[in-house]
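Please walk me through this structure, starting with the overall layout and then moving to the details. I have not seen it before.

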Amino acid sequence: MEVPGSSKKMIATQAEMVEERVPLAYKDQCAHLLIPLNQCRQSELYLPWKCVSERHTYEKCEYELVMERMLQMQKIREQEAKLKQSQKQGTAIPIIPNTANA
């Protein structure tokens, strides 16, 4: 499945996420990494020093998604700033009025 505005694809299907009880907030392009991480956590009794490689890959995926969103938002802000700048230049009020016939 293709997610608009993202370079990553959805690998985990809706059925897989429902079967593994993935919460709605975590159903993103990294859900395919969260499923084995949660399985590992349950099998290892949530010991923090276990499942380190799975957690690292999941967190890296989430970090990349956040950075991608930040770059997209920065581009949107730059476009809006250019648009505002062009609108300001079109209706600019002169600093020195022309009424003095100078």
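The paragraphs below go from the chain as a whole to its disulfides, core, salt bridges and surface.

The model shown here is a predicted one. Its chain has three helices and zero strands, and from the N terminus on the elements run α-α-α. Of the 102 residues in the chain, 19% are buried. The chain exposes about 8500 Å², and carbon and sulfur atoms supply 59% of that area. Where contacts link residues at least 6 apart in sequence, 40% of them join residues at least 24 apart.

The disulfides come next. A disulfide is a covalent bond between the sulfur atoms of two cysteines. The structure holds two of them. When the bonded cysteines are counted along the chain, their pattern is 1-4, 2-3.

One disulfide joins C30 to C61, with an S to S distance of 1.9 Å. This pair links distant parts of the chain, since C30 is in the loop between α1 and α2 while C61 is in helix α3, 31 residues apart. The torsion about the S-S bond of C30 and C61 is about -85 degrees, so this disulfide is left-handed. Both C30 and C61 are buried.

The other disulfide joins C40 to C51, again with S to S 1.9 Å. Here C40 belongs to helix α2 and C51 to the loop between α2 and α3, and the two are 11 residues apart. The link of C40 and C51 is left-handed, with -90 degrees about the S-S bond. C40 and C51 are both buried.

Now to the interior. The largest nonpolar core has 14 residues, and the ones that touch the most other members are A12, M17, V22, C30, L34, L37 and Y58. Two elements give two or more residues to this core: α2, residues 31-43, and α3, residues 52-90. Helix α2 gives the most, with five residues. C30 therefore appears twice in this account, as a partner in the disulfide with C61 and as one of the core residues that touch the most other members. M17 is another of those core residues. Leaving aside neighbours within four places in sequence, M17 is in contact with M10, A12, V22, K27 and A31.

Which residues does Q29 meet, apart from its neighbours within four places in sequence? They are V3, S6, K8, K9, M10, C61 and L65. Q29 itself is found in the loop between α1, residues 14-19, and α2. Its relative accessibility is 7%, so Q29 counts as buried. V3, one of its contacts, is found in the segment before α1. V3 and Q29 are 26 residues apart in sequence, with their C-alpha atoms 8.2 Å apart in space. With 22% relative accessibility, V3 counts as partly exposed. Beyond its neighbours within four places in sequence, V3 is in contact with K8, M10 and Q29.

Charged side chains form another set of links. Side chains of opposite charge can pair when their charged atoms come close. A search of the whole structure finds three salt bridges. In one of them, E64 pairs with K8, and the closest N and O atoms are 2.8 Å apart. E64 lies in helix α3 and K8 in the segment before α1, so this pair ties together parts that are 56 residues apart in sequence. E64 counts as partly exposed because its relative accessibility is 32%.

Another salt bridge is made by the side chains of K50 and E44, at 3.9 Å from N to O. K50 is partly exposed, at 33% relative accessibility, and E44 is partly exposed too, at 28%. The side chains of R55 and E59 also meet in a salt bridge, at 3.5 Å from N to O. R55 and E59 both lie in helix α3, four residues apart, which is about one turn of the helix. R55 is partly exposed at 31% relative accessibility, and E59 is partly exposed at 44%.

Last comes the surface. Y63, V66, M67 and M70 make a nonpolar surface patch of about 380 Å². M70 has its place in helix α3. At 49% relative accessibility, M70 counts as partly exposed, because the range for that term ends at 50%.

Technical notes: Residues are numbered from 1 along each chain as its sequence is written. This is a predicted model: local features need pLDDT of at least 70, side-chain atom pairs count only at pLDDT 80 or more; totals for chains, interfaces and linings use all residues. Side-chain values use heavy atoms; hydrogens and water are left out. A nonpolar core is a set of buried Ala, Val, Leu, Ile, Met, Phe, Trp, Tyr and Cys residues joined through side-chain atoms within 4.5 Å. Buried means under 20% relative accessible area, exposed over 50%, partly exposed in between (1.4 Å probe, protein chains only). Contact means heavy atoms within 4.5 Å. A salt bridge is a side-chain nitrogen of Lys or Arg within 4 Å of a carboxyl oxygen of Asp or Glu. Patches are made of residues with over 30% relative accessible area and no salt bridge: like charges are joined within 9 Å, nonpolar side chains (Val, Leu, Ile, Met, Phe, Trp, Tyr) within 5 Å. Accessible areas come from the Shrake-Rupley method with a 1.4 Å probe; for residues, only the protein chains shown count as cover. A disulfide is a pair of cysteine sulfur atoms within 2.5 Å.
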